[in-house]
Every structure is written in C-alpha cells, then in structure tokens.
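Hi,

Here is the structure I promised to pass on to you. Please have it open while you read, and my notes follow below.

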Amino acid sequence: MSPEAKTLHLIKSDLVKASEVLLRGGILAFPTETVFGVGVIYDNQQAYEKLCSLKGRSPDKPFSLMFPNVEMLLPFLKKDAHLFSFLKRVFPSPLTVLAPAISSLPSWVDHQTGIIGFRVPDDSYIQSLLKLVSKPCLVTSANRSGELALTSSREVFKTFPEGIDAIVEGESQSSLASTIIKVENNDLKLIRQGEIKFETLKKMWEETK
C-alpha cells in the first residue's frame, strides 16, 4: 500500500473485491470464528514480508495456512492415511494443525522446516472467500506481535490506521484463538489450548487409526 492510499472498508457481500485484494498481493483483515484475522496470498513473498512488517514480527516465524476445505489442503501435505482421515473428521473447526508438508513449498511458507501449520475455519464467509481466491492464504491474528488479539474491525482499524489494504467490517465470533496441535511420531502434541479440548482431539485421533 502506498503512503497516500487509504484502507478500503468492505462488507461481507463484497466478496469479489476482497478476493481481488488478496490476489494482487494486498493485506486483508477479516472476522473469523476465532479472533479477527489478517492475511495474504500464500505464494507472494512480497505480500508475506509486508505482513511481517505490519505485525512487527520476525520473518523467520511462519504463519499458518488457511484453506477453504480439506480437499484443497491435502495436496500440501506428505501422504499419511491416518492423518488425512483425522483431518477429514476434525475440519472445519477452530483448530490449527502442524504437520509434515510437501517439499515444493515456497521457503517463506515452511521456512525449510518441512512442517506447516494450517486450518480450515468453520466460517462460511471465509470458506467462500478462499474458494474464490482458489489458493490458501497465510493468516495470523490481526494484532501487533505480542499484543492481545483483536475481535472487531473497529479495533483493527484503530490499531492499524495504515498498512492494511482492506478490512472486512464485523466482529469475530470469539475472543479465543484456535487450539494448536502438532502431529509428531504418529501422535498429537498440544501446543496451545483453545476452544477445542485436547482430550477431544486425542480421542478422535485414536478413533481414526
């Protein structure tokens, strides 16, 4: 965004305009079923670097990928029948999963760790937006690094009066960020407890073996 450019304020019915912001490498903020999110298209390095700068976050810390459905997600992961069965059962939901990825991803997506974080949100608006974009997005909470997560477009614009290309008006459905788990040695490890209880996820993991 150029210094003189103003943040575009959109409503959810402006779906095409929101998708165009992402596809041209812009930063889009939008409400989710957890906290307010901010994201960019996953395969645009310049957009990724702008997002890091906006957040005040070190570029060596990866962002999670957000997908509209499991079908788009699976080609990004190393083949694992058990994991795939689990993901098909658990998504969409307020959950972020860390798991082994394919080797052909851009370096700024997995930071050459071979691991990506990803989620499929339980939110029809975001699903429709990402289907229209036809690519996953790198998404994080819409706040400055180290500060509390924001839950409304008003809070986001107050915190970021410039730097975000467009904000979708509204409020997030929760003030609680997603649960984060990691798939490791054919088991689950809790990284951050959110709305979905880890015990519930462990049970589902065992039931899909």
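**Notes on the model**

Asn-186 counts as partly exposed, because its relative accessibility is 42%. Before going further, please keep in mind that this is a predicted model. Asn-186 sits in the loop between β9 (179-184) and β10 (187-192). Its phi is positive, at about 55°, although Asn-186 is not a glycine.

**Trp-205 and its surroundings**

Asn-186 also turns up among the contacts of Trp-205, a residue of helix α8. Is Trp-205 buried or exposed? With a relative accessible area of 0%, Trp-205 is buried. Setting aside neighbours within four places in sequence, Trp-205 is in contact with His-82, Leu-83, Phe-86, Val-183, Asn-186, Asp-187 and Leu-188. For Asp-187, the C-alpha to C-alpha distance to Trp-205 is 8.0 Å, with the two positions 18 residues apart in sequence numbering.

**How α4 and α8 pack**

Trp-205 belongs to the contact between α4 and α8 as well. From α4 come His-82, Leu-83, Phe-86, Arg-89 and Val-90, and they meet Leu-201, Met-204, Trp-205 and Glu-207 of α8. By class, this contact has six nonpolar residues, one polar and two charged. A pair of packed helices is described by the angle between their axes and the distance between the axes. For α4 and helix α8 (residues 198-207), the axes come within 9 Å and cross at roughly 130°. The two helices are therefore oblique to each other. The crossing of α4 past α8 is right-handed.

**After α4: a cis proline and a buried valine**

The loop between α4 (81-90) and β5 (95-100) holds Pro-92. The peptide bond from Phe-91 to Pro-92 is cis, with omega near 0°. Phe-91 appears again in the surroundings of Val-97, a residue of strand β5. Val-97 counts as buried because its relative accessibility is 0%. Which residues does Val-97 contact, leaving aside its neighbours within four places in sequence? They are Leu-87, Phe-91, Ile-116, Gly-117, Phe-118, Ile-181 and Val-183. Val-183 is also one of the contacts of Trp-205. Leu-15, by contrast, is 27 Å from Val-97, C-alpha to C-alpha, and 82 residues from it in sequence.

**How α1 and α6 pack**

Leu-15 brings us to the other helix pair I looked at, as it is one of the α1 residues that meet α6. The axes of helix α1 (residues 15-23) and helix α6 (residues 124-133) come within 9 Å and cross at roughly 55°. Hence α1 and α6 are oblique to each other. Their crossing is right-handed. On the α1 side, the contact is made by Leu-15, Val-16, Ala-18, Ser-19, Leu-22 and Leu-23, which meet Tyr-125, Ser-128, Leu-129, Leu-132 and Val-133 of α6. The residues of this contact divide into nine nonpolar, two polar and no charged.

**One buried side on α1, another on α2**

Which residues of α1 are buried? They are Ala-18, Ser-19, Val-21 and Leu-22. These residues cover an arc of only 155° around the axis, so they lie on the same side of α1. Their cover includes β1 (8-10), β2 (28-30), β3 (37-41), α6, β7 (137-141) and β8 (166-168).

In helix α2 (residues 45-55), the buried residues are Ala-47, Tyr-48, Leu-51, Cys-52, Leu-54 and Lys-55. Here the arc around the axis is only 160°, which puts them on the same side of α2. An α-helix has 3.6 residues a turn, so residues three or four places apart point the same way. On the other side of α2, Gln-46 and Ser-53 are exposed. What covers the buried residues of α2 includes β3, α5 (107-110) and β7. Both β3 and β7 are also part of the cover over α1.

**Two more backbone details**

Gly-25, just after α1, takes a positive phi of about 90°. Ser-134 has a phi near 65°, a positive value in a residue other than glycine. Where is Ser-134 found? Ser-134 is in the loop between α6 and β7.

I hope this helps you find your way around the model.

Best wishes

How values were computed: Residues numbered from 1 in each chain as written. Predicted model: local features only at pLDDT ≥ 70, side-chain atom pairs only at ≥ 80, totals over all residues. Heavy atoms only, no water. Axes fitted to C-alpha atoms, helices over the stretch in contact; angles between N-to-C directions. Helix = DSSP H or I, 4+ residues; strand = E, 2+ residues; numbered from the N terminus. Parallel < 35°, antiparallel > 145°, perpendicular 65-115°, else oblique. Left-handed = near helix turned anticlockwise from the far one by under 90°. Contact = heavy atoms within 4.5 Å. Nonpolar A, V, L, I, M, F, W, Y, C, P; charged D, E, K, R; others polar. Buried < 20%, exposed > 50% of the residue type's maximum accessible area, 1.4 Å probe, protein only. Arc of directions from axis to C-beta.
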